[in-house]
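This briefing goes through a protein model from one helix outward to the fold as a whole. Please look at the structure first.

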Amino acid sequence: MELLMLSGGVLVVPVLAFITFLFWPGALLKVYNWYWRQRLGLVVRYSHSGSYRFCYSSRGKPGGATPSLLLLHGFSATKDMWLPVVKYFPKNQHVVCVDMPGHEGTSRTGSEDYSIQGQVGRIHQFVQSIGLDKIPFHLIGTSMGGNVAGVYAAHHPADLCSVTLICPAGLVYPTETEFISRLRELEKSEQEESIPLIPSTPQELDDMLRLCCYTPINIPRQVLRGLLQNRIPNNGFYKEVFMEIVGEKSRHSLQENLHLIKTPTQVIWGKEDQVVDVSGASVLQEALPHCQVELLESCGHSVALERPRKAANLIMDFLSAQDVNNENTKKVS
């Protein structure tokens with residue numbers, strides 16, 4: 001047996017398998033994620049709503065001391081992007097991480113499911129398909145997933161006890177990032193140009209990671225090669241989703257639904273976010289005066305990668321505070 005060193009731990013694999021990984025790094029990434037799911041006690045499962053299939057990973061059971069957590073990933077990611085955060089949740093915490101519509105193991109249909117409203121509809125179906133709506137749960141979303149989570153809170157408040165929005169898309173930002181400015185230029189241009197969040201070369205992948213992460217992430221080169229190898233066949237799909245969520249129907253979905261959000265809300269944002277500017281936190285605070293805002297120093301857009309322990313602790317502290325508030329409300333009444 002040989003030892004294959006990976007960031008965050010040691011994975012033991014046979015020599016022949018290791019040689020296979022050298023030539024097919026995409027397989028390495030899948031084994032890497034499998035290893036971490038196993039280590040964290042997450043099991044991959046499937047549920048259906050009619051002919052539509054959802055893929056998700058989960059750990060624990062609902063009905064514990066704290067509400068269940070449903071986590072929604074960002075654009076072109078998968079349920080596994082939450083692994084670094086799940087690591088710091090209590091071991092007995094019920095956690096559900098779902099692949100968003102069309103991503104990874106969830107059904108890939110058409111553009112009607114990729115708009116923000118379309119995604120909200122599908123996530124509501126998912127919640128019903130696994131019975132998560134029987135007890136109010138806490139919803140967490142980042143970036144595109146944060147946009148979806150906020151709109152979900154606006155339209156399905158009875159399902160939720162609270163919501164966490166991490167660097168959410170879908171707002172009108174007082175200060176625009178260079179990334180947003182470039183998107184506006186791409187819109188006006190008739191030329192076919194690459195989208196920074198859809199890399200097709202190692203250099204473009206490096207550029208994307210620098211855009212999303214303020215703190216350089218120590219990811220082994222083999223894993224990066226695997227990430228790119230896994231992404232490239234999906235780039236056509238990613239572009240379809242991207243054009244849908246930045247289109248007129250979805251671009252400001254969260255902004256347009258803020259007045260409907262009554263659910264207790266937590267906002268977590270990296271101060272150095274280069275994708276969607278941290279000034280969006282002030283927009284949320286003004287629209288939702290009772291929301292709790294946490295701004296993270298030396299952190300960019302990828303909070304789950306850059307500050308997973310901090311994010312997990314903030315979420316659990318927020319849930320504890322909500323529990324205390326609910327108890328106090330009961331005593332007063």
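How many residues does helix 5 have, and what distance does it reach from its first C-alpha to its last? In this predicted model, helix 5 has 12 residues and reaches 17 Å, close to the 16 Å expected at 1.5 Å a residue.

**Helix 5 and its surroundings**
- Of the 12 residues of helix 5, 11 are buried, so the helix is largely enclosed by the rest of the structure.
- The buried residues include Met-144, Val-148, Val-151 and Tyr-152, as well as the glycines Gly-145, Gly-146 and Gly-150.
- Among the elements covering these buried residues are strand 5 (69-72), strand 7 (137-142) and strand 8 (160-166).
- Helix 4 (116-129), helix 9 (235-245) and helix 10 (253-257) are also part of the cover.

**The largest nonpolar core**
- The largest nonpolar core has 91 residues, of which Leu-70, Phe-89 and Trp-269 touch the most other members.
- Helix 5 (residues 144-155) gives the most to this core, with 7 residues.
- Leaving aside residues up to four places away in sequence, Leu-70 touches Val-96, Val-98, Ile-123, Phe-126 and Val-127, among others.
- The contacts of Leu-70 also include Leu-132, Phe-137, His-138, Leu-139 and Ile-140.

**The protein as a whole**
- The protein contains 13 helices and 10 strands.
- Of its 333 residues, 52% count as buried.
- Among contacts with a separation of 6 or more, 73% join residues 24 or more positions apart.
- About 15,700 Å² of the protein is exposed, and carbon and sulfur atoms supply 53% of that area.

Technical notes:
Residues are numbered from 1 along each chain as its sequence is written. This is a predicted model: local features need pLDDT of at least 70, side-chain atom pairs count only at pLDDT 80 or more; totals for chains, interfaces and linings use all residues. Side-chain values use heavy atoms; hydrogens and water are left out. A nonpolar core is a set of buried Ala, Val, Leu, Ile, Met, Phe, Trp, Tyr and Cys residues joined through side-chain atoms within 4.5 Å. Buried means under 20% relative accessible area, exposed over 50%, partly exposed in between (1.4 Å probe, protein chains only). Helices (H or I, at least four residues) and strands (E, at least two) are DSSP runs, numbered from the N terminus. Contact means heavy atoms within 4.5 Å. The expected span of a helix is 1.5 Å times one less than its number of residues. Accessible areas come from the Shrake-Rupley method with a 1.4 Å probe; for residues, only the protein chains shown count as cover.
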